[in-house]
Amino acid sequence: MLPKPVMALAFLLPLSVFFFAEAQLNPVSAQPSQNRQIGALKQIIPGHYTYNSNNFVSGVIVTNDGVVVVDALSNEAMAKDERQQIAGIIQKPVRLLISSSFHDNFTRGNVAYQDAIRIGHENYKTDLIDLMKNVPVAERQARLPHLTYQDRMTFYFGGKEIQILHIGRAHTRGDSIVFVPEDRIVYLSELLFYDRFPWMESGYVNWIQALDIALNLDADIFVPGHGTMSDDPRQSRQAVVRFRQILVDARDAVQKEIARGATEDQVLATVLLPQYKDLSGYQQQREVVVRRTYRDLKGTLR
Ligand SMILES: [Zn+2]
């Protein structure tokens, strides 16, 4: 038996128009807060917010029909804190949760979205099922999406067009980005580490091409999944360009060593990318990025 909101969606999906009147969704009510705030909700431009907790970033899109959240982040307490701030500041119910990467630190918070429709790419769902093999069934159900898609999904929600796009393998093989054309803003989730070194355990060299597609969207503002945006959100296009260059430099350096016949360990010893040594994440991820890039270019990724 499907939950009521999903049945409503099943009927309404062909129209690409959602009416939630009959769905009786119950937003989490703003509770008197004894809890300290875990993160901070901040407006980017009218109708668009980030919730940032220790440089993990969730996106918040406000429409006349309610709120769309991009990524539930690391755990239930953090997700509840975000929802409490949405309830207090925006004062509209959350209707949709769009999840990009399947990683634990972006999906454990899904359990706090039982009253929303949860959406992700079909590879996101496959990888999340795989990740949760040892997770109790109830939590598994609570984290999985209600709806998946293949290439794109477009909502006309509360008078606003919201496009969910899969633009190829990047941080994972099932990422989603969320584009709101009328506001010229794109939520890139973990496709953008804002002035930080990429984490690439399940990433691909094609991340570069995915960022090219994102940069070609008719948009001015690119919201990251990690880091802190500048106070001028229009600086974020340059942040995407800078971040893309890290991946390009890694690819080119590794490719050069491969052309010389270097082994993976030899490449690791020579491709140090010293120009990025001061970026957050470099110490932990330089080896991951080099090894992953090497295997992807050699065609030996699983
Ligand atoms: Zn991730």
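1. Let's start with the loop between strand E2 and strand E3 (56-63), because Asn54 lies there. This is a predicted model, and in it Asn54 has a positive phi of about 50 degrees although it is not a glycine. Is Asn54 buried or exposed? With 11 C-beta neighbours inside 10 Å, Asn54 counts as exposed.

2. Gln91 makes a good companion to look at. Its phi is near 60 degrees, again a positive value in a residue other than glycine. You will find Gln91 in the loop between helix H2 and strand E5 (94-98). Gln91 counts as exposed because it has 11 C-beta neighbours inside 10 Å.

3. Stepping back along the chain from Gln91, have a look at Gln84, which is found in helix H2 (residues 76-90). Gln84 is buried, since 21 other C-beta atoms lie within 10 Å and the cut-off for burial is 20 or more. Gln37 is 47 residues away from Gln84 along the chain, yet their C-alpha atoms are separated by 9.5 Å.

4. Next comes the hairpin of E1 and E2. Strand E1 (residues 40-45) and strand E2 (residues 48-53) pair in the antiparallel sense, over five bridges. One pair to find on screen is Gln43 with its bridge partner in E2, Tyr49. Two residues sit between the strands of this hairpin, and Gly47 takes a positive phi near 90 degrees there.

5. For the overall picture, the protein has nine helices and 12 strands. Of its 302 residues, 44% are buried. How much of the contact map joins residues at least 24 apart? Among contacts between residues at least 6 apart in sequence, the share is 67%.

6. The largest nonpolar core has 71 residues. Those with the most contacts inside this core are Ile177, Val186, Leu188, Leu192, Ala214, Phe222 and Val223. Leu192 is a handy one to click on: leaving aside its neighbours within four places in sequence, Leu192 is in contact with Phe222, Pro224, Gly225, Ala239, Val240 and Phe243.

7. Three of those partners of Leu192, namely Ala239, Val240 and Phe243, bring us to helix H7 (236-259). Does the length of H7 agree or disagree with what its residues should span? At 1.5 Å a residue, its 24 residues should span 34 Å, and the end C-alpha atoms are 35 Å apart, so the two agree. Just after H7, Gly261 takes a positive phi of about 90 degrees.

8. The buried residues of H7 are worth selecting together: Ser236, Ala239, Val240, Phe243, Arg244, Ile246, Leu247, Ala250, Val254 and Glu257. In an α-helix, residues three or four places apart point the same way, because there are 3.6 residues a turn. What covers the buried residues of H7? The cover includes strand E11 (185-193), helix H6 (207-215), strand E12 (221-226), H8 and H9.

9. Finally, helix H9 (residues 282-298) has 17 residues and reaches 23 Å from its first C-alpha to its last, close to the 24 Å expected at 1.5 Å a residue. Buried in H9 are Gln285, Arg286, Val289, Val290, Arg292, Thr293 and Tyr294. Helix H7 and helix H8 (264-270) are included in what covers these buried residues. Gly299 follows H9, with a positive phi near 75 degrees.

Key: Residues are numbered from 1 along each chain as its sequence is written. This is a predicted model: local features need pLDDT of at least 70, side-chain atom pairs count only at pLDDT 80 or more; totals for chains, interfaces and linings use all residues. Helices (H or I, at least four residues) and strands (E, at least two) are DSSP runs, numbered from the N terminus. A residue is buried if 20 or more other C-beta atoms lie within 10 Å of its own, exposed if 12 or fewer, and partly exposed in between; C-beta atoms are placed from the backbone. Two residues are in contact if their C-beta atoms, placed from the backbone, lie within 7 Å. A nonpolar core is a set of buried Ala, Val, Leu, Ile, Met, Phe, Trp, Tyr and Cys residues joined through C-beta atoms within 7 Å. The expected span of a helix is 1.5 Å times one less than its number of residues. Two strands pair if DSSP finds at least two bridges between them.
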